[in-house]
Amino acid sequence: MYKHILYATDLSEETDYLTNKVLAVKELTHAKLTVVHVVEPMPGYSYAYLGIEDIEGQLIEEARATLGKLCDKLGVDKQNQRIEVGPTKSKIHGVAAEIGADLIIVGSHGRHGLSLLLGSTANAVLHGANCDVLVVRLPE
Ligand code: AMP
């Protein structure tokens with residue numbers, strides 16, 4: 001049914017729940033899987049404020065290590081592990097277009113109002129996506 005799934009992860013504690021769903025969809029569809037995490041660029045002043053050189057570089061390295069462990073569980077090789085730096089929504093759409101993904105999987109937190117159903121990132125990804133988007137409701 002789906003040939004190439006893109007799983008967007010924020011690498012947070014809830015990742016396990018979402019990852020198990022992704023694994024189930026992967027097994028069901030026998031689709032190829034790419035996993036992406038987006039690091040938002042740090043504003044320039046944060047370097048001086050925190051006194052840490054190359055915070056972005058450190059964030060990327062930490063993210064790469066965490067993503068690697070997650071991908072071991074998912075059976076995704078290095079080639080299909082993506083760390084992007086930039087605005088989350090457009091980077092997820094960019095990778096989806098580049099790999100020709102036919103399904104994007106994201107999580108969503110229960111909030112209030114409209115975002116009760118769709119968390120901000122899920123909402124942003126849904127709008128403007130050129131393929132199906134599976135939004136997994138994360139547990140409270
Ligand atoms: P949020 O709206 O921040 O609660 O995030 C909802 C979902 O969007 C997460 O469960 C992930 O699937 C995805 N997401 C959020 N932030 C990122 C990120 N930095 N990189 C990749 N995916 C993300």
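Strand 2 contributes three residues to the shell around the ligand, and no other element gives more. The model is a predicted one, and the contacts described here should be read with that in mind.

The shell comprises 17 residues, of which Ala8, Val38, Gly107, His109 and Thr121 come nearest to the ligand. Sorted by class, the shell holds seven nonpolar, eight polar and two charged residues.

Backbone atoms of the protein lie at short range from oxygen atoms of the ligand, as the following table sets out for Ala8, Ser120 and Thr121.

| Protein partner | Ligand partner | Distance |
|---|---|---|
| Ala8, polar backbone atom | oxygen atom | 2.6 Å |
| Thr121, polar backbone atom | oxygen atom | 2.9 Å |
| Ser120, polar backbone atom | oxygen atom | 3.4 Å |

On its own the ligand has 480 Å² of accessible area, and the protein covers 90% of this. The space that the ligand takes is the largest pocket. The elements giving two or more residues to the shell are strand 2 (32-39), helix 4 (88-99), strand 4 (103-108) and helix 5 (120-126).

A separate point concerns Val76, which is found in the loop that runs between helix 3 (55-74) and strand 3 (81-85). Val76 counts as buried because its relative accessibility is 7%, whereas the cut-off for that class is under 20%. Although Val76 and Leu33 are 43 residues apart along the chain, their C-alpha atoms are separated by 6.7 Å.

Methods: Residues numbered from 1 in each chain as written. Predicted model: local features only at pLDDT ≥ 70, side-chain atom pairs only at ≥ 80, totals over all residues. Heavy atoms only, no water. Near = heavy atom within 4 Å. Polar contact = N/O pair within 3.5 Å; in protein donor to acceptor, adjacent residues only side chain to side chain. Areas by Shrake-Rupley, 256 points an atom, 1.4 Å probe, with all protein chains shown as cover. 1 Å grid on protein atoms, 1.4 Å probe; cavity = no way out; pocket = protein on both sides within 12 Å on 5 of 7 lines; lining within 4 Å. Sits in = over half its atoms within 2 Å of the grid points. Helix = DSSP H or I, 4+ residues; strand = E, 2+ residues; numbered from the N terminus. Nonpolar A, V, L, I, M, F, W, Y, C, P; charged D, E, K, R; others polar. Buried < 20%, exposed > 50% of the residue type's maximum accessible area, 1.4 Å probe, protein only.
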